[in-house]
Amino acid sequence: MLTAPSQLLLRNSEYIHGKLLLLNHENDLGAVELQAHGDSVTTLALDFNHYLALKAASHPKVTSYFGHQLPQPDLFDTVVIYYPKAKALMGYLLQLAAVYLREGGQVLVIGENKGGIRSFDKQHSAWFELARKRDNARHCLLYTAERNAIPAQIDLEPFFSHYQLTTANGNLTICNMVGVFSEKQLDQGTELLLQHLPPLNGRVLDFGCGAGVISAALLQQNPQLQLECVDINALALLACERTLAANGLTARVYPSDGLAQVEGEFTAIISNPPFHDGLNSTTDIATRFVADSQQRLKSGGLWQIVANRHLPYADAIARYFGEVNIIAETNKYKVYSNHN
Ligand SMILES: C[S@@+](CC[C@H](N)C(=O)[O-])C[C@H]1O[C@@H](n2cnc3c(N)ncnc32)[C@H](O)[C@@H]1O
């Protein structure tokens with residue numbers, strides 16, 4: 001099943017020719033369908049789960065990548081940008097498109113009306129102009145635009161922000177990328193978690209590391225930790241690496257969808273886990289996260305998370321850890337801390 005933006009793209013296949021690049025594609029096999037309309041399709045997913053789904057389809061004319069940029073320079077005749085949920089990310093995707101577009105090539109922008117795409121023709125870009133609406137169907141819009149300048153290289157700096165964080169152990173510089181969780185300041189839930197981190201040792205996992213706030217605080221407090229930081233979002237992983245480097249810290253930073261790509265056992269799993277809308281999915285996701293992380297903990301290992309107090313963690317924690325231990329709470333958040 002194709003997402004609505006991919007369906008709109010397919011019905012406008014006259015705009016697609018030659019080598020095609022899809023930037024920030026969604027969770028579907030649109031790339032596999034689109035390969036019939038060009039010479040080849042290359043995809044760059046910012047979401048690891050979207051990348052995995054496409055890679056599993058394994059089509060000979062589709063080359064899939066995950067990350068904040070392609071692993072090597074390349075040029076394409078058609079570049080399609082799926083309009084991002086975080087509007088600020090569009091500037092970054094336009095820059096990528098401008099770098100990867102061949103002279104005389106065509107850029108297409110597609111997205112759902114309820115996202116930010118409706119104002120795309122008013123969005124200023126240093127690289128593109130003359131945005132023209134080409135189609136409007138399935139609650140989606142399709143634009144084309146003309147490139148008016150070519151960036152010398154991919155410049156990440158305009159898309160990074162920084163803030164200083166003072167912890168009980170000193171100061172940290174936090175670097176974040178557009179569209180990543182709590183971009184400009186410390187999240188209140190994370191703050192509560194950081195105030196209640198016990199001393200740790202051994203192999204520790206920061207699940208859903210985002211910009212690496214928890215990771216940096218853990219390493220600052222316990223410099224000997226073997227820390228692993230995972231996230232599903234390529235820009236979060238980039239920001240986390242940047243935060244660690246800015247503070248002279250090292251950890252293994254890698255993509256994982258849930259705990260699927262994580263191996264072995266940990267002495268502790270620490271997290272401000274992702275939250276989702278929708279009651280059923282929220283309960284399922286919370287239960288799966290508790291179950292999976294309990295399996296990945298050594299005997300006696302610590303599982304400590306902060307969550308919005310309304311999220312349904314208690315039943316799953318009682319089921320997998322035997323009891324629900326809350327070590328801190330505010331009117332918005334609870335810090336759960338259990339041993340395996
Ligand atoms: C609430 S944020 C916490 C970020 C960071 N630890 C902090 O405290 O600022 C949750 C993070 O989980 C990531 N995430 C969402 N779904 C995920 C999944 N299925 N697997 C791994 N990480 C995921 C998000 O990209 C986000 O960075």
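Here is a short chat about reading the domains, a sheet and the ligand shell in a predicted model.

Trainee: Where do I start: how is the protein divided?

Mentor: Start with the big pieces. Here you get domain 1 (4–147) and domain 2 (157–339). Their C-alpha centres lie 31 Å apart. The contact between them takes 14 residues from domain 1 and 10 residues from domain 2.

Trainee: Which elements give two or more residues to the side of domain 1 that touches domain 2?

Mentor: Look at helix H3 (48–57) and helix H4 (89–100). Sorted by class, that side of domain 1 has nine nonpolar, four polar and one charged residues.

Trainee: Okay, and how do I read a sheet?

Mentor: The general idea first: strands of a sheet pair through backbone hydrogen bonds, either parallel or antiparallel. Now the case here: seven strands form an open sheet in the order E12-E11-E10-E13-E14-E16-E15, and the pairing is mixed. At the edges sit strand E12 (252–255) and strand E15 (326–329), each pairing on one side only. From one strand to the next, the twist averages 15°.

Trainee: How many bridges join strand E10 to E11?

Mentor: Five, and these two strands run parallel. For one pair to find on screen, try Leu205, whose bridge partner in E11 is Glu228.

Trainee: Last one: which residues come nearest to the ligand?

Mentor: Of the 20 residues around the ligand, those are Thr190, Gly208, Gly210, Asn272 and Pro274. Helix H6 (213–221) and strand E11 (226–231) each supply at least two residues of the shell, and by class the shell has nine nonpolar, eight polar and three charged residues.

Technical notes. Residues are numbered from 1 along each chain as its sequence is written. This is a predicted model: local features need pLDDT of at least 70, side-chain atom pairs count only at pLDDT 80 or more; totals for chains, interfaces and linings use all residues. A residue is near a molecule or strand if its C-beta atom, placed from the backbone, lies within 6 Å of it. Helices (H or I, at least four residues) and strands (E, at least two) are DSSP runs, numbered from the N terminus. Ala, Val, Leu, Ile, Met, Phe, Trp, Tyr, Cys and Pro count as nonpolar, Asp, Glu, Lys and Arg as charged, and the others, Gly among them, as polar. Domain bounds come from an automatic or database domain assignment. Two residues are in contact if their C-beta atoms, placed from the backbone, lie within 7 Å. Two strands pair if DSSP finds at least two bridges between them. Axes are lines fitted to C-alpha atoms, for helices over the stretch in contact, and angles run from 0 to 180 degrees between N-to-C directions.
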